[in-house]
Number of protein chains: 2
Amino acid sequence: MRAAVPVRHEEVDAVEGRGPSLADVAALAGVSTQTVSRVSMGLDNVRPVTRDKVLAAMAQLGYAPNTAARALRYGSFRTIGVIAHRLARTGESRTVEAVVEAARREGYTVTLIDVESPSSDVVSAAATRLSHQAIDGLVIIRAETATPDTLALPPRLPVVVSDSRFVGHHPAVGADQGDGARSATQHLLDLGHRTVHHVAGPADSIPAQLRAEAWRDALVAAGSPVPELVEGDWTAASGYDAGRRLAADPEVTAVFCANDEMAAGVLRALHEAGRAVPGDVSVVGFDDVLLAGYLWPPLTTVAQDFDEIGTRLVARLLQQVRSGEIEDDADAEDLHEVVPVSLLVRQSTAPPPA
Amino acid sequence: MRAAVPVRHEEVDAVEGRGPSLADVAALAGVSTQTVSRVSMGLDNVRPVTRDKVLAAMAQLGYAPNTAARALRYGSFRTIGVIAHRLARTGESRTVEAVVEAARREGYTVTLIDVESPSSDVVSAAATRLSHQAIDGLVIIRAETATPDTLALPPRLPVVVSDSRFVGHHPAVGADQGDGARSATQHLLDLGHRTVHHVAGPADSIPAQLRAEAWRDALVAAGSPVPELVEGDWTAASGYDAGRRLAADPEVTAVFCANDEMAAGVLRALHEAGRAVPGDVSVVGFDDVLLAGYLWPPLTTVAQDFDEIGTRLVARLLQQVRSGEIEDDADAEDLHEVVPVSLLVRQSTAPPPA
DNA sequence: TGGCGTCGTGTTGACGTAAACATGGTGACC
DNA sequence: GGTCACCATGTTTACGTCAACACGACGCCA
């Protein structure tokens with residue numbers, strides 16, 4: 001077995017740095033570039049004989065159309081940008097997957113940026129970077145931090161957002177956070193718990209705020225005492241810390257966690273403290289991540305319809321892209337689509353101990 | 001609050017369908033396009049007065065450089081394509097995240113395609129679609145199915161692969177599957193288990209094959225009997241099914257699962273069957289997904305260094321992109337980089353019951 | 001004072017594609 | 001038998017950017 005021999009471009013046919021162009025194919029086939037272009041686009045006003053010559057030349061040279069040139073010509077890349085927050089670390093990767101799939105169905109590709117911090121300036125920088133790449137529109141998934149400054153976006157760039165504080169400034173599609181948190185809390189109250197504790201997401205996160213508010217409202221509406229909430233940072237580790245504190249308090253019989261990762265942490269802490277779930281303490285999560293049904297016990301949680309959210313986000317965005325109209329700013333309230341959630345009752349919830 | 005008023009392009013300054021170009025800025029600033037270009041690129045051979053005029057004009061028009069034109073000029077998009085398999089559903093999303101981040105550090109953006117099936121033709125189609133988009137290189141993550149036909153790829157496109165059957169055909173970077181499976185199995189044997197059962201991934205998956213082989217080898221080397229393996233499909237549900245069968249067999253005291261999702265399913269099945277973990281049965285996973293440490297009991301597993309893999313994949317790819325040399329084909333064996341894995345011993349493993 | 005670098009800026013052309021228009025040959029119809 | 005329509009194909013041009021070169025003005029030194 002001989003050593004690996006790199007293939008240099010120059011050795012491949014008569015082409016330098018880039019691949020063969022229409023002109024190369026045309027020269028080889030003995031026709032004009034325009035004819036090659038017609039074949040390449042699949043138009044039918046080319047004689048079969050000519051077409052075959054061209055196709056043969058294309059095959060011989062390994063021709064592939066140059067997207068940059070096409071995009072320059074057409075003014076569009078059929079590509080949308082997605083800004084996501086910690087792709088692998090949250091339930092949001094489901095949304096990303098759904099957006100990618102929905103875009104594919106529409107003939108669009110997705111360019112992805114994963115921001116490690118959801119602050120405005122980081123997101124703005126990412127958006128700028130993306131707009132310097134080739135995108136026709138932008139999807140922002142969960143840009144958090146409730147600081148009041150606006151997002152600096154390239155002008156004329158269609159944008160939709162999900163679960164972000166930019167809801168109200170741009171068209172948005174999101175799960176019904178409030179309804180989810182409310183029904184989770186109500187479910188626990190209905191089981192007979194005197195009150196429900198809450199492990200919340202970070203204070204600067206909009207979804208975390210919405211979930212916490214709805215939890216509080218549900219308790220108040222039921223006339224239940226409102227315990228102090230415990231703040232986490234969405235990670236299982238922070239849920240574990242919160243769980244250890246809650247486990248130490250024998251009064252605690254029901255915990256609603258703002259996401260499933262933190263719920264997993266709470267479960268572990270309760271197990272370690274010897275408190276039975278759901279015998280002594282009931283736990284509810286949010287998101288229905290993949291493993292939620294395989295935690296121990298299987299976790300009761302609020303399921304978001306990520307596919308639907310992704311599909312609608314893309315539909316909303318492409319509607320702007322195609323019409324050339326940009327919906328934005330102050331009056332975008334009725335542009336906020338809310339996708340229903342559903343409570344999945346599994347085995348981590350039960351009536352409180354007698 | 002008035003109704004939302006869409007902003008049409010035509011109403012914005014003197015621009016039609018697309019955004020303003022160098023020429024528009026140049027006209028407004030009273031200079032040549034070349035001068036605007038120089039300012040746009042941040043070159044310093046422009047008088048401050050002129051530069052300010054240009055910057056003002058840019059701001060007024062909301063100028064953003066046209067990437068298509070730049071890419072056409074330079075022959076590069078500074079974008080790499082990534083083909084991944086079921087983004088949100090496997091540990092591989094960590095690799096994707098790492099690739100995205102590594103690419104960002106190098107000034108590249110990532111265009112993502114998520115294939116729902118890892119078969120050759122689907123991956124080929126995705127690659128073609130991507131190459132029609134604008135990419136300088138391609139990363140294929142876990143393209144499975146061991147059918148012997150080769151991947152039809154656009155010529156002259158640099159490619160690297162991870163955990164796929166195309167290892168050997170293209171430069172590759174992957175975790176040391178064999179070593180991981182071997183040490184997981186050995187760990188259980190060292191604890192005193194007579195043998196170790198295996199819940200494998202699908203038979204057409206290369207990583208699944210590698211893990212199963214190493215498991216078998218370790219048993220044989222230790223003189224332990226080799227039980228029949230149970231085949232899953234990477235999902236927690238399939239792990240649960242496998243776990244129910246294993247739980248019914250009192251001989252089973254140690255299970256090595258080919259990934260953490262299936263291990264979670266096995267854990268649940270064991271809990272339901274009333275078999276204590278790790279008291280009666282020890283369980284080991286593979287991947288160290290985010291929740292692995294918060295399953296009950298916290299899962300002993302093989303941690304892959306996804307960040308390192310992502311970084312090296314990108315480095316390998318860009319090396320080809322930049323040199324213009326494409327490494328491929330038969331002799332790529334020594335182009336296979338193996339990243340070490342580490343066994344994370346948590347609390348799901350213990351000596352067998354007395 | 002003349003030649004020569006240097007600096008700031010303008011002009012030309014090329015990247016690859018495809019729309020718009022031009023051309024030339026064929027057949028049909030009156 | 002002449003006009004006209006139509007078809008396949010070729011030619012020109014523009015998309016936006018930037019490298020390469022051109023050019024004029026200024027200053028320096030001989």
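A crossing of two helices counts as right-handed if the near helix is turned clockwise from the far one by less than a right angle, and in this predicted model helix α7(A) passes α8(A) in just such a right-handed crossing.

**View 1. Helices α7 and α8 of chain A where they pack against each other.** Helix α7, residues 177–190, and helix α8, residues 206–221, have axes that come within 8 Å and cross at roughly 40°. Angles under 35 degrees would count as roughly parallel and those from 65 to 115 as roughly perpendicular, and α7(A) and α8(A) are therefore oblique to each other. On the side of α7(A) the contact is made by A:Gln177, A:Gly178, A:Ala181, A:Arg182, A:Thr185 and A:Gln186, which meet A:Pro207, A:Leu210, A:Arg211, A:Ala214, A:Trp215, A:Asp217, A:Ala218 and A:Leu219 of α8(A). Sorted by class, this contact holds seven nonpolar, four polar and three charged residues.

**View 2. The contact between helices α1 and α3 of chain A.** Here the axes of α1, residues 22–29, and α3, residues 48–61, come within 9 Å, and the two helices cross at roughly 120°. With this angle, α1(A) and α3(A) are therefore oblique to each other, and their crossing is right-handed. Helix α1(A) brings A:Asp24, A:Val25, A:Leu28 and A:Ala29 to the contact, while α3(A) brings A:Lys53, A:Val54, A:Ala57, A:Met58, A:Gln60 and A:Leu61. Seven of the residues in this contact are nonpolar, one is polar and two are charged.

**View 3. Helices α9 and α10 of chain B, packed at an angle of about 40°.** The axes of α9, residues 236–247, and α10, residues 260–272, lie 6 Å apart, and the two helices are therefore oblique to each other. Helix α9(B) passes α10(B) in a right-handed crossing. The residues of α9(B) in the contact are B:Ala236, B:Ala237, B:Ser238, B:Gly239, B:Tyr240, B:Ala242, B:Gly243, B:Arg244, B:Leu246 and B:Ala247, and those of α10(B) are B:Glu261, B:Met262, B:Ala263, B:Ala264, B:Gly265, B:Val266, B:Arg268, B:Ala269 and B:Leu270. By class, twelve of these residues are nonpolar, four are polar and three are charged.

**View 4. The protein surface near DNA strand C, with residues from both chains.** Around this strand there are 24 residues, of which A:Leu22, A:Asn66, B:Ser32, B:Gln34 and B:Thr50 come nearest. Helices α2 and α4 of chain A and helices α2 and α4 of chain B each supply at least two residues of this surface, and the largest share, five residues, comes from α2(A). The surface near strand C is made up of eight nonpolar, eleven polar and five charged residues.

**View 5. The protein surface near DNA strand D, again with residues from both chains.** Of the 24 residues around strand D, those that come nearest are A:Gln34, A:Thr50, B:Leu22, B:Asn66 and B:Ala69. At least two residues each are supplied by α2 (33–41) and α4 (67–74) of chain A and by α2 (33–41) and α4 (67–74) of chain B, and here the largest share, five residues, comes from α2(B). By class, eight residues of the surface near strand D are nonpolar, eleven are polar and five are charged.

**View 6. The loop between β10 and β11, shown for chain A and for chain B.** In chain A, a cis peptide bond with an omega of about -5° joins A:Trp296 and A:Pro297, and A:Pro297 has its place in the loop between β10 (282–287) and β11 (300–303). In chain B, B:Trp296 and B:Pro297 are likewise joined by a cis peptide bond, with omega about -5°, and B:Pro297 is found in the loop between β10 (282–287) and β11 (300–303) of that chain. The loop between β10 and β11 of chain A also holds A:Asp288, a residue that is not a glycine and yet has a positive phi of about 55°.

**View 7. The stretch of residues 1–16 of chain A, where the pLDDT is below 50.** Chain A as a whole averages a pLDDT of 85, and 86% of its residues score at least 70. Over residues 1–16, by contrast, the pLDDT is below 50, although the stretch has 26 contacts in the model beyond near neighbours in sequence. Where pLDDT is low, the predicted coordinates should not be read in detail.

How values were computed:
Residues are numbered from 1 along each chain as its sequence is written. Chains are lettered from A and ligands numbered from 1 in the order in which they are written. This is a predicted model: local features need pLDDT of at least 70, side-chain atom pairs count only at pLDDT 80 or more; totals for chains, interfaces and linings use all residues. pLDDT is the predictor's confidence in each residue, from 0 to 100. Two residues are in contact if their C-beta atoms, placed from the backbone, lie within 7 Å. A residue is near a molecule or strand if its C-beta atom, placed from the backbone, lies within 6 Å of it. Helices (H or I, at least four residues) and strands (E, at least two) are DSSP runs, numbered from the N terminus. Ala, Val, Leu, Ile, Met, Phe, Trp, Tyr, Cys and Pro count as nonpolar, Asp, Glu, Lys and Arg as charged, and the others, Gly among them, as polar. Axes are lines fitted to C-alpha atoms, for helices over the stretch in contact, and angles run from 0 to 180 degrees between N-to-C directions. Angles under 35 degrees count as roughly parallel, over 145 as roughly antiparallel, 65 to 115 as roughly perpendicular and the rest as oblique.
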